[in-house]
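User: I would like a close look at one part of this model, with the reasoning set out in full. Please treat the cysteines first and then place them in the wider chain.

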Amino acid sequence: MGLTGAVKVVLGSIAFGIFWVLAVFPAVPFLPIGRTAGSLLGAMLMVIFQVISPDEAYEAIDLPILGLLFGTMVVSVFLERADMFKYLGRLLSWKSRGGKDLLFRICLISAIASALFTNDTCCVVLTEFILKIARQNNLPPQPFLLALASSANIGSAATPIGNPQNLVIAVWSGISFERFLWGILPAMIVGILMNVAILLIYFWKLLSIEKDEEVASVTGDVVVEDDMNLHRFSPATMSHVTSMGSQDFGSAVDPGRAVSHRSRTSSMDIDTQTPWSGGIESMRPSNASREVVEGAGISLSRDEVVTSRSVVRGTSNPRSSPIGDASVRSADEEGLIKRWKRAWWKTCVYLVTVGMLIALLMGLNMSWSAITAALALVVLDFKDARPCLEKVSYSLLIFFCGMFITVDGFNKTGIPSALWDFVEPHARIDSPGGVALLSLVILVLSNVASNVPTVLLQRMKYLRPACLS
C-alpha cells in the first residue's frame with residue numbers, strides 16, 4: 001500500500017491538523033470559532049484541497065449514527081421532563097450514611113445512568129443534585145464530583161448508547177446491543193469497583209472529618225422540593241433554562257431568604273385592615289385558598305391575589321361562603337386531574353424508554369429503534385414539539401458531520417493506514433503483549449486526538465476484523 005500524491009498528503013494533513021487543534025482547543029487565540037465550526041472548516045478544506053470530492057464528502061456522513069444520536073438525545077430530554085433524574089437524586093440521599101456511603105452511591109448510580117442515558121446528560125443533570133447534597137450536609141464537593149465524572153465515563157462504556165464513540169463502533173462493526181453489553185459489562189463492573197476503591201483511599205481522611213451519620217433529612221427535602229432547579233439545558237451550549245423567577249431562584253439558593261420572604265408575606269396579610277371591623281383580621285382563609293390553588297399547579301399573578309383579597313373583604317363570613325367552598329373544591333378536583341395526567345404521562349415515557357431498550361436488546365436496528373421511541377414520546381406529549389426539539393444538541397450533530405468528512409479525507413491520504421500497518425503485526429489480540437500494545441496505542445490516541453476521531457481513524461477496515469475475530 002503506497003501513499004497518495006505528496007501534495008494531497010500535505011494538504012490533507014494541514015486540514016486535519018486545523019480540525020484537531022480546534023476540536024481539542026476550541027478557544028485558541030488565533031481562531032476562537034469553537035469545535036463545531038472547526039469541524040466544518042476542516043471538512044471544507046478537505047474538499048477545497050481536493051483531498052476528497054464533494055460526492056465522497058456526502059458519502060462520508062454516516063446517517064445511521066446521526067439518527068441514533070438524535071433519537072437518544074430526544075429520549076433523554078423527555079426522561080428529564082419526566083423527573084427520572086430527580087428520582088435518581090432522591091436515591092443518592094435516601095438513608096445515606098455519611099460521605100463514604102454517598103460517594104459509593106454516586107459511583108454506582110452515575111455508572112448505570114450513563115450507560116442508559118448517555119454520560120453527558122448524566123453528568124450535567126446529576127451535578128446539581130450532588131452540589132446541593134454536599135452543601136446541605138457540609139461535605140466537600142470535590143470527591144463526589146470526581147466520582148461522578150470518572151464513574152460516568154466508566155459506566156458509559158457498557159452500552160452502544162452510552163457515548164458517541166460506542167455508537168460509531170457498534171454501527172460500523174455490526175455488533176448487536178446485547179453482545180456489546182455482555183462483552184463490556186464485566187470490565188465495567190471491575191472498573192467501577194476499582195474507581196470506588198481508589199477514590200475512597202485518596203479521600204478517606206477528607207471524608208472522615210465529618211461524622212459518619214445519616215444524611216440530614218433536609219437533603220431529601222431539598223432534592224424533592226418543587227423549586228428544585230432541574231437542568232433544562234441545551235447540550236450545545238450547556239445553558240440552563242429555568243422556569244423560576246429571580247425571587248424564587250434566590251429563595252432556592254438561600255433558604256434564609258425564602259423564610260424572610262414568607263415572613264414578610266405573612267405579616268403583610270395579617271396587617272390587612274377589614275372595612276367591617278376596622279381592626280386587624282386574619283387572612284388565613286385567603287392564604288389557604290392560595291396554597292390549594294398553587295398546589296394544583298396554578299400560578300396566581302399579583303392582580304389575581306389582590307382580587308381574591310377584595311372578594312374576601314366583601315364577604316361577611318368567608319368560612320361559610322358557598323362560592324368559596326365551590327372554588328376550593330374545583331381547585332382540588334383540577335389539581336387531582338392534573339396530577340393523574342402527569343403521572344400517566346410519566347408512566348408512558350418510562351414504558352416507551354423500556355420498550356426502546358428491549359428493542360435494542362432484541363437486535364433490532366438501533367438507529368430506527370431510538371428514532372421510533374423519540375417520535376412516540378413526541379406524539380404522546382400531545383403538544384408542540386418545538387420546545388423539546390430545541391433542547392437537542394444540533395451543534396453536536398453538525399460537528400459529527402464535519403468530523404466524518406474531515407477524518408475520511410485524512411484516511412484517504414494514506415497516513416493512518418501506513419501507521420496501522422506498522423503497528424498491526426505487533427498489536428494482535430491473540431497475545432497478551434499485542435493486547436497491551438493495542439490498548440496503549442488507543443489510550444494515547446484517544447487522549448491526543450480525542451475519543452471519536454480515534455475510532456473514526458480506524459474505520460470499518462479495522463473495526464470489523466478486530467470485532468469479529
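How far is the sulfur of Cys122 from the closest cysteine sulfur, and in which residue does that sulfur lie?

Analyst: The model is predicted. In it, the cysteine sulfur closest to that of Cys122 belongs to Cys123, at 5.4 Å. A disulfide requires the two sulfur atoms to be within 2.5 Å, and the separation between Cys122 and Cys123 is therefore too far for a bond. The search of the whole structure likewise returns zero disulfides.

Cys122 is also a buried residue, because its relative accessibility is 0%. Cys107 has a relative accessible area of 0% and is therefore buried as well.

As for the setting, the chain has 469 residues, of which 43% are buried. Its secondary structure consists of 22 helices and two strands. Among contacts with a separation of 6 or more, 74% join residues 24 or more positions apart. The chain exposes about 25,000 Å², and carbon and sulfur atoms supply 65% of that area.

Two loop residues stand in contrast to the buried cysteines. Gln50 lies in the loop between helix H2 (34–48) and helix H3 (54–60), and with 60% relative accessibility it counts as exposed. Its phi is near 60°, a positive value in a residue other than glycine. Phe382 occupies the loop between helix H17 (366–381) and helix H18 (386–389). The phi of Phe382 is positive too, near 55°, and this residue is exposed, with a relative accessible area of 77%.

Technical notes
Residues are numbered from 1 along each chain as its sequence is written. This is a predicted model: local features need pLDDT of at least 70, side-chain atom pairs count only at pLDDT 80 or more; totals for chains, interfaces and linings use all residues. Side-chain values use heavy atoms; hydrogens and water are left out. Helices (H or I, at least four residues) and strands (E, at least two) are DSSP runs, numbered from the N terminus. Buried means under 20% relative accessible area, exposed over 50%, partly exposed in between (1.4 Å probe, protein chains only). Contact means heavy atoms within 4.5 Å. Accessible areas come from the Shrake-Rupley method with a 1.4 Å probe; for residues, only the protein chains shown count as cover.
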